[in-house]
Amino acid sequence: MKSKRKVGNLLGLAVLGYLVRRPMHPYELSRLMRAHGDDRSIKFTHGSLYMVFGQLAKAGFIVEHETSREGQRPERTVYALTDAGRAELKDWMRELVAEPRHEHPHFVAALSMIAALHPDEVVALLRDRLAGLRGRLDEAEAILAGADAHPLFLVEEEYRIALLNAEVAFVRRFLERIDDWRPLWAGFHEGGR
């Protein structure tokens, strides 16, 4: 595993990736990320984006390229990628692609404590989850179907669809198994423990 990065926020990775194209102002980069649907993969706000630009500059991965002002608007600083930033981008990408990481999804945390809820409630909640997953699947499939881009630039949607399908299959199997566990599980709640 790689040692701790100077900037470990995945938004920093996105900034480095976009600045490979050309120097940009944070607001322009934000608009591009949203236009390309990258906000589906990386959570950010304008504030967090500006914070990451500052962190990347402090680490020497980006530098001020130029500053301009239009009318009464505040000054806009355009940033460019440094050689160190280019190297960091490639190294970070290699690590993320090659090395599986233990992640902590919220649903996994909920599953680890699922017995705290009565099985009847869990069944209803899981049915709601299936409906939500179906909606997300429909959304991702619509993005793929309507995209006018090479599949290379949509691979994250294909991955998202694979994960959603796996979760749907898991939830369906879990729902089937709850009936076998119901006497013990419900007894725990009805016993007042």
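## Two domains

The centres of domain 1 and domain 2 lie 34 Å apart, taken over C-alpha atoms. Keep in mind as you look around that this is a predicted model. In the domain assignment of the chain, domain 1 covers residues 10-98 and domain 2 covers residues 106-191.

## The annotated stretch

Let's turn to what a record says. The UniProt annotation "domain: Transcription regulator PadR N-terminal", from an unreviewed entry, spans residues 15-90. Within residues 15-90, helix makes up 47% of the chain and strand makes up 17%. The C-alpha atoms at the two ends of this stretch are 13 Å apart.

## A nonpolar patch on the surface

Which residues form the nonpolar patch on the surface? They are Leu10, Met93, Leu96 and Val97, and together they have about 350 Å² of accessible area. Helix H4, residues 83-98, gives the largest share of this patch, with three residues.

Val97 is a good residue to find on your screen, and it sits in helix H4. Is Val97 buried or exposed? Val97 counts as exposed because its relative accessibility is 68%, and the cut-off for exposed is over 50%.

## Ala57 and a distant partner

Next, find Ala57 in helix H3, which runs over residues 46-58. Ala57 has a relative accessible area of 32%, so Ala57 is partly exposed: that class lies between buried, under 20%, and exposed, over 50%.

Now try locating Gly132 as well. Ala57 and Gly132 are separated by 75 residues in sequence. In space, they are 40 Å apart, C-alpha to C-alpha.

Terms used
Residues numbered from 1 in each chain as written. Predicted model: local features only at pLDDT ≥ 70, side-chain atom pairs only at ≥ 80, totals over all residues. Heavy atoms only, no water. Domains from an automatic or database assignment. Patch = residues over 30% accessible without salt bridge, like charges linked within 9 Å, V, L, I, M, F, W, Y side chains within 5 Å. Areas by Shrake-Rupley, 256 points an atom, 1.4 Å probe, with all protein chains shown as cover. Salt bridge = Lys/Arg side-chain N within 4 Å of Asp/Glu carboxyl O. Helix = DSSP H or I, 4+ residues; strand = E, 2+ residues; numbered from the N terminus. Buried < 20%, exposed > 50% of the residue type's maximum accessible area, 1.4 Å probe, protein only. UniProt positions renumbered as here; feature names shortened; annotations may be inferred.
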